[in-house]
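Here is a walk through one protein model, written for someone who likes to check side chains and voids before setting anything up. Have the viewer open as you read.

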Amino acid sequence: MTQQPIDQQPIDQQAPAGRPVRVMVVDDHPMWRDAVSRDLAEAGLDVVATAGDGEEAVRRARACSPQVVVLDLNLPGLPGAEVCRRVVAHDPTVRVLVLSASGEHADVLEAVKSGATGYLVKSAGREELLDAVRRTAVGDAVFTPGLAGLVLGEFRRLAAEPPAPAAPVVPQLTARETEVLRMVAKGLSYKQIADRLVLSHRTVQNHVQNTLGKLQLHNRVELVRYAIEQGLDDEI
């Protein structure tokens, strides 16, 4: 099964060299939770916490500060989307990868709007999950095939709605920042953008980070929506 990336979450530093990615696994089914945790640990990732309900997940995420939260949506106590919203609100550098049995469009969109970086259905294979977690940790967003297009389509629909009045003055972007922004709006991953522009992966990340700061946006969900509202996704 092939993953489709779109970039949409805030960027922070990668894990220091030699240190494994810190991951938290949240699922109300103990056997599934244990199996996912075991697969991640055997692959060299650092499973710093697990949780079986929504409230426990929020508490433990705040206590252990994982880089990536692998999150089920169907949780007792608090639903997964609310867990995502609270975790990201507390620490915007945390990235959330939803791993759910549901592939319903409404669930996908609610998760992304709550701050999730990516979305996989539980039919994904072990290697697909491991790759998704690693890519999530460095800023890529990974979706089960077909879901990335759904999310971008929703952004385009929202961009077609009447704009809010009294929009603030937008700071001037450099030519390179605008060029990278166009490619982000098209759903290209950092690696694809770097290859096209003959830049390093880190340079592309820096351009996106600078653009987020200039536009006073919080994550790449907002960045993609802004680019589509400006018509930048139609210019390449």
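## Salt bridges

This is a predicted model, and its structure holds twelve salt bridges. Take lysine 122 and aspartate 27: they pair up with their closest N and O atoms 2.8 Å apart. Lysine 122 sits in the loop between strand 6 (118-121) and helix 5 (126-137), while aspartate 27 sits in the loop between strand 2 and helix 1 (30-42), so the bridge ties together parts that are 95 residues apart in sequence. Aspartate 27 counts as buried because its relative accessible area is 2%, under the 20% cut-off. There's a third member to look for here, too: Asp27, Asp72 and Lys122 are linked in a network of salt bridges.

Next up is the bridge between lysine 214 and glutamate 177, at 2.9 Å from N to O. Lysine 214 belongs to helix 9 (residues 201-215) and glutamate 177 to helix 7 (residues 175-185), so to speak two distant parts of the chain, 37 residues apart, linked by this pair. The two ends don't share a burial class: lysine 214 is partly exposed at 28% relative accessibility, whereas glutamate 177 is buried, with a relative accessible area of 5%.For a local bridge, try aspartate 195 and lysine 191, whose side chains meet at 3.1 Å, N to O. Both are in helix 8 (residues 190-197), four residues apart, which is about one turn of the helix. Aspartate 195 and lysine 191 are both exposed.

## The cavity

How many cavities of 30 Å³ or more are there? The count comes to one, and the volume of the largest cavity is about 40 Å³. Its lining is made up of Val25, Val26, Asp27, Trp32, Val36, Val70, Leu71, Asp72, Leu99 and Lys122. You'll recognise Asp27, Asp72 and Lys122 in that list as the members of the salt-bridge network.

By class, the lining of the largest cavity has seven nonpolar residues, three charged ones and no polar ones. Strand 2, helix 1 and strand 4 (68-71) each supply at least two of the lining residues.

## Overall fold and burial

Zooming out, the protein has ten helices and seven strands. Of its 236 residues, 51% are buried. Among contacts with a separation of 6 or more, 71% are between residues 24 or more positions apart.

Helix 10 (residues 220-229) is a good place to see burial at work: seven of its ten residues are buried, so the helix is largely enclosed by the rest of the structure. The buried ones are Arg220, Val221, Leu223, Val224, Tyr226, Ala227 and Ile228. Just after helix 10 comes glycine 231, with a positive phi of about 75°.

## Two strand residues

Is alanine 49 buried or exposed? Alanine 49 lies in strand 3 (residues 46-51) and counts as buried, at 13% relative accessibility. Leaving aside residues up to four places away in sequence, alanine 49 touches Val23, Met24, Val25, Arg60 and Cys64. Valine 23 is 26 residues away from alanine 49 in sequence, and their C-alpha atoms are 7.3 Å apart in space. Val25, another contact of alanine 49, also turns up in the lining of the largest cavity.

Phenylalanine 143 is found in strand 7 (residues 142-143). Phenylalanine 143 is buried, with a relative accessibility of 0%. If you want a distance to check, the C-alpha atoms of phenylalanine 143 and valine 108 are 9.6 Å apart, with their positions 35 residues apart along the chain.

## How far to trust it

The mean pLDDT of the protein is 82, and 81% of the residues reach 70 or more. Among the elements, strand 2 (residues 22-26) has the highest mean pLDDT, at 97, and strand 1 (residues 4-5) has the lowest, at 47. The pLDDT is below 50 over residues 1-17, a stretch that has 76 contacts in the model beyond near neighbours in sequence. Where pLDDT is low, the predicted coordinates should not be read in detail.

Technical notes. Residues numbered from 1 in each chain as written. Predicted model: local features only at pLDDT ≥ 70, side-chain atom pairs only at ≥ 80, totals over all residues. Heavy atoms only, no water. pLDDT = per-residue confidence, 0-100. Contact = heavy atoms within 4.5 Å. Salt bridge = Lys/Arg side-chain N within 4 Å of Asp/Glu carboxyl O. Buried < 20%, exposed > 50% of the residue type's maximum accessible area, 1.4 Å probe, protein only. 1 Å grid on protein atoms, 1.4 Å probe; cavity = no way out; pocket = protein on both sides within 12 Å on 5 of 7 lines; lining within 4 Å. Points joined across faces, edges and corners; volume = space filled by probe spheres on them. Nonpolar A, V, L, I, M, F, W, Y, C, P; charged D, E, K, R; others polar.
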